[in-house]
Amino acid sequence: MSVYQFSAPAMNGRQISLEEYRGKVMLIVNTASQCGFTFQYQDLQKLYDRYKEKGLVVLGFPCNQFDNQEPGSDEEVQSFCELRYGVSFPMFQKMDVRDGNAHPLFNYLTAQKPFEGFNENHPVARVLIPLLKEKHPEYLFGDSIKWNFTKFLIDAEGNVIRRFEATTDPFEMEADIEQLLG
């Protein structure tokens, strides 16, 4: 079993099988436009620009499950990402990434790589962790996605290699990406 068995609708509505990315290293990220981690779009784009010719693809999956931080339509999300951050990596339509209506891809990803904790020294963690404890303590249990900008690194054979929480900035993953790209 691998990520290649899953598909999702791209922003243009076309159903995309992850099989289309066979042979590439993938970084799958659940995203949001009004989040304390939204700045990560900029560095995700920089990583994509730096490594796309070597075989990296970043895949963005917007989600509105975390305090309504992605309230816009798919068109608004796409426009925001392109205009504000110059995002050119593939973006998919909004979807749920946790709980009963979670897209099967994210159920698979979280089953492969469980939650290992947040980087509590990250500046935004000082806001995120108390917020979760106060408003969403249920998010802290189990291996589900905890917040926006959870990232999964997939090797060129479709295996889930690592999970990085929102409190891992994109360039902190660079060595892992380079290792998979060879």
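Buried means under 20% relative accessible area, exposed means over 50%, and partly exposed is what lies in between (1.4 Å probe, protein chains only). Keep that handy for the whole tour. What you have open is a predicted model, where local features need pLDDT of at least 70, side-chain atom pairs count only at pLDDT 80 or more, and totals for chains, interfaces and linings use all residues. Residues are numbered from 1 along each chain as its sequence is written, and side-chain values use heavy atoms, with hydrogens and water left out.

**Stop 1: strand S4**

Select 56-62, which is strand S4. Helices (H or I, at least four residues) and strands (E, at least two) are DSSP runs here, numbered from the N terminus. Seven of the seven residues of S4 are buried. Colour the two faces separately: Leu56, Val58, Gly60 and Pro62 sit on one side, Val57, Leu59 and Phe61 on the other, and both sets are buried. In a regular strand, side chains alternate between the two faces of the sheet.

Now add S3. It pairs with S4 in the parallel sense over seven bridges (two strands pair if DSSP finds at least two bridges between them). To see one bridge, pick threonine 31 and its partner in S4, proline 62.

**Stop 2: the core around Ile28**

Stay on S3 (25-31) and click isoleucine 28. What does it touch, leaving aside its neighbours within four places in sequence? The contacts (heavy atoms within 4.5 Å) are Leu18, Leu59, Phe61, Leu105, Phe106, Leu109, Thr150, Lys151, Phe152 and Ile154.

Zoom out to the largest nonpolar core, a set of 60 residues in which Val3 and Ile28 touch the most other members. A nonpolar core means buried Ala, Val, Leu, Ile, Met, Phe, Trp, Tyr and Cys residues joined through side-chain atoms within 4.5 Å. Elements giving two or more residues to this core include helix H1 (40-51), helix H2 (74-85), helix H3 (104-112) and helix H4 (125-135), along with strands S5 (151-154) and S6 (160-164).

**Stop 3: the cysteines**

Go to cysteine 35, in the loop between S3 and H1. An unreviewed UniProt entry annotates Cys35 as "active site"; such annotations may be inferred rather than shown by experiment, and their positions are given in the numbering used here, with feature names shortened. Cysteine 35 is buried at 11% relative accessible area. Beyond the neighbours within four places in sequence, its contacts are Gln69, Trp147, Asn148 and Phe149.

How many disulfides does the structure hold? Zero, with a disulfide taken as a pair of cysteine sulfur atoms within 2.5 Å. For cysteine 35, the nearest cysteine sulfur belongs to cysteine 63, 11 Å away. Why is cysteine 81 not bonded to cysteine 35? Because their sulfurs are 12 Å apart, too far for a bond, even though that of cysteine 35 is the closest cysteine sulfur to cysteine 81. Cysteine 81 is buried as well, at 1%.

**Stop 4: salt bridges**

Finish with charged pairs. The whole structure has eight salt bridges, each a side-chain nitrogen of Lys or Arg within 4 Å of a carboxyl oxygen of Asp or Glu. Try these:

- Glutamate 20 with arginine 14, 3.3 Å from N to O. Glutamate 20 is partly exposed at 43%, and arginine 14 is partly exposed at 44%.
- Arginine 98 with aspartate 99, 3.3 Å from N to O. Arginine 98 is buried at 4%, whereas aspartate 99 is partly exposed at 47%.
- Arginine 163 with glutamate 165, 2.6 Å from N to O. Arginine 163 is buried at 10%, and glutamate 165 is buried at 4%.
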